[in-house]
Amino acid sequence: MQGEEVQRRLAALREQYAERIGNDLQTLMAQARELAARQRAVEPEALESLRHGLHRIAGSAGTFGYPALGQEAREMELWVQTVLETAVAPTSPMLTTLHDRLSGSYRLLENSATASVAEPQADYELVSGERAIRIAIMAEGDTHGLLQSLSGFGYDCRCLTEIEEWRSWRPDVVIIDTAHVEPAVWQASVAEVPSAMRVLLSDDGSFDARLQAVRAGAQGFFTHPLDVPALERRLRHLVSLPQQDPYRVLIVDDDVELAEHFRLTLKVAGIESRVIDQPSDVLRGLREFVPDLVLIDINMPGCSGTELARLIRFDDDWLRIPLIYLSAESDAERQAQALAQAGDDFLVKPISDVALTAAVTARAQRSRQLSQALARDGLTGLIKHPAIKELIEIEQSRTQRSGAEACVVMIDIDRFKSINDTYGHGTGDYVIRLLANLLRQRLRRVDHVGRYGGEEFVAVLPACSLDNACEAIERIRESFAQMECVAGKAVFHATFSAGVASTFDWADAGALLEAADRAMYEAKQSGRNRVCVARDTSV
Amino acid sequence: MQALHRVLHVEDDPSIQEVARIALEVVGGMEVASCDNGQSALDKAAEWQPDLILLDVMMPGIDGPTTLGKLREQAETREIPVIFMTAKVQPSELDHYRAIGALDVVIKPFDPMTLAAQLREIWERSDAG
């Protein structure tokens, strides 16, 4: 059959292409990382080479079945092009952002590659992202304890010695004991996987040692004796970083064309924004769009920017969001007066695209970190109860708008009280973290997992049918039941019960959660360690 | 009307070269020759006399538009129609390529299952077809 022959040849090409582009992306990441770490200005030739590499991917990825990767590359290419055209030297944080986006693209490629290899017939929505986080350890002597502790948290850990292993296994994170491994040795190995994040261990906790670690591109630094829980927290933080959604900026400006220009400029940098030209629409915009930052034109008819800022601050929900004025006002005293009333900073118009992007990125990043710290549970790093409810509401309105099904899953660890009573609260916390890590690793990137309280978790699965949700949770249930929990010398197994409900069956967030909760209780009552579906009995 | 049969594809990326070959030969039933740079395209076009040249815009060395200019200077290649292939999307650039004498522009990434049909459609719309 000619059609089959074509498909077979294209599939073979796609495989070759993925491998080549994987290497290309790694080279680009290494370039971006090197430029970001540099003390001196970045020459245009270096940026031109980055742009060319991105251009090739942008033009080819879609043809080989990676449209999202192509789109990402296109946006990054446009960003580099903007920087080249404005001839403003890119700052280190800007290049780091580029590196992180490249690293995100690499994961995109890797996820689609593993998805197609693992289960060609299956719904790709379910298999993508389903792979334990890989951690390579480089240390001398007894690493058994560290390996075992981290494996206990659900990570796939190995000590790698041969260069070949680095290439084939491709760890996500590398932990290097710099006290015992020569720099030349670990640097050569790590160079094989530039996408991997680095955590350095050292005997020396001085400022100089930390600075050196920063310069070696480390994202984490710990001293001996090693605090394993702290290391695990850092790993959790590192591996959840690439899952970030784009920053969101609400632009309030009555000059629609200028606002649109800002929107496009930010879009090139991967920042999503929404434009509001009527000040009276701002509260609705905040509720619907939930931005990380608001840009407000200070001179608008009907309502000034400072009045609008004060009005926004009436609401406790928006206290944490930076409000930045856009203004032609360069008089420092009048700026100070405006800031005294409300608002956090001034950007003076006209502003270059690069300056706008840099200012917005830095503030949005800070705002996001703050919100996440507030909205996340300290023990598991998962989203807290109120935030997850907000996410369910967002998914429900998406279903109403676009007809896409989403599912909510309520999960509760079985006989948790007895685990606490038998092994102590420390072990109880460990089991909670174990399940939190498993959920994070096994669900897709677009999914959200929250800790609902005590030993209860909620997962929100956008664009997912009821059957697929059940299948995914069922697989996680099986894995969890098989995991060995270690408490001192005792080894035991924990299980969970889960209830799944769909946005197709319940139109209200509260009712949806209650339905998932009822299904979860049904699972408990029918013997625990199982997944039950909430059926809408009223229809 | 002359049918489109022989296509010279000029592209520096070997993966794209190969996927286009499958798209045009296997799916489209055309005869394809490939070059990876502008200079060899000038020689190959003069010697092989394709019906159409599918020319990548951005190549190291001589780029697509310059190659088109040189094709127009050579007597043996002056009349051969050219379609550009590019990953750029700005409408002004597309107009520019048409203005300098390209039949049309095919946007990358292309779908290998429909590329041949796309070329035929452009071909038949033009005076060449």
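This short talk walks through a predicted model, beginning with chain A as a whole and moving on to its two sheets, a pair of helices and the contact with chain B.

Let me start with the overall make-up of chain A, whose secondary structure comes to 20 helices and 18 strands. Of the 539 residues in chain A, 39% are buried. If we take the contacts in chain A between residues at least 6 apart in sequence, 65% of them join residues that are at least 24 apart.

I turn now to the sheet of five strands, which is open, has the order β7-β6-β8-β9-β10 in chain A, and is parallel in its pairing. Its edge strands are β7, residues 272-276, and β10, residues 345-348, each of which pairs on one side only. On average, and with direction ignored, neighbouring strands of this sheet are turned by 25 degrees against each other. Looking at one edge in detail, strand β6 of chain A, residues 248-252, runs parallel to β7(A) and is joined to it by five bridges; within that pairing, A:Ile251 has A:Val275 of β7(A) as its bridge partner. Packed on this sheet is helix α13 of chain A, residues 305-313, which touches β6, β8 (293-297) and β9 (323-327), and whose direction makes about 150 degrees with that of β8(A).

The other sheet I want to show is an open one of six strands in chain A, in the order β11-β13-β14-β12-β17-β18, and here the pairing is mixed. At its edges stand β11, residues 383-384, and β18, residues 531-533, of chain A; each has a single partner strand, so one side of each is left without a neighbour in the sheet. For β11(A), the link to strand β13 of chain A, residues 448-453, consists of two bridges, and the two strands run parallel, with A:Ile383 standing opposite A:Gly450 of β13(A). Helix α19 of chain A, residues 466-482, packs on this sheet and touches β12 (407-413), β14 (456-461), β17 (496-502) and β18 of chain A, its direction making about 170 degrees with that of β17(A).

Next, a pair of helices. In chain A, helix α16, residues 385-402, packs with helix α20, residues 509-525, at an angle of about 110 degrees and with the axes 9 Å apart, and the two helices are therefore roughly perpendicular to each other. From α16(A), the residues A:Lys389, A:Ile392, A:Glu393 and A:Gln396 meet A:Ala509, A:Leu512 and A:Leu513 of α20(A). By class, the residues of this contact between α16(A) and α20(A) divide into four nonpolar, one polar and two charged.

Finally, the contact between the chains, which takes 19 residues from chain A and 14 residues from chain B. On the side of chain A that touches chain B, the elements giving two or more residues are α1 (2-37) and α2 (44-60) of chain A, and α1(A) gives the most, with nine residues. That side of chain A has seven nonpolar, eight polar and four charged residues.

Let me stay with α2(A) for a moment: at 1.5 Å a residue, its 17 residues should span 24 Å, and this agrees with its end C-alpha atoms, which are 24 Å apart. The buried residues of α2(A) include A:Leu47, A:Leu50, A:Arg51, A:Gly53 and A:Leu54, and also among them are A:His55, A:Arg56 and A:Ile57.

Definitions and conventions:
Residues numbered from 1 in each chain as written. Chains lettered and ligands numbered in written order. Predicted model: local features only at pLDDT ≥ 70, side-chain atom pairs only at ≥ 80, totals over all residues. Axes fitted to C-alpha atoms, helices over the stretch in contact; angles between N-to-C directions. Helix = DSSP H or I, 4+ residues; strand = E, 2+ residues; numbered from the N terminus. Parallel < 35°, antiparallel > 145°, perpendicular 65-115°, else oblique. Contact = placed C-beta atoms within 7 Å. Nonpolar A, V, L, I, M, F, W, Y, C, P; charged D, E, K, R; others polar. Expected span 1.5 Å × (residues − 1). Buried ≥ 20, exposed ≤ 12 C-beta atoms within 10 Å, placed from the backbone. Pairing = 2+ DSSP bridges.
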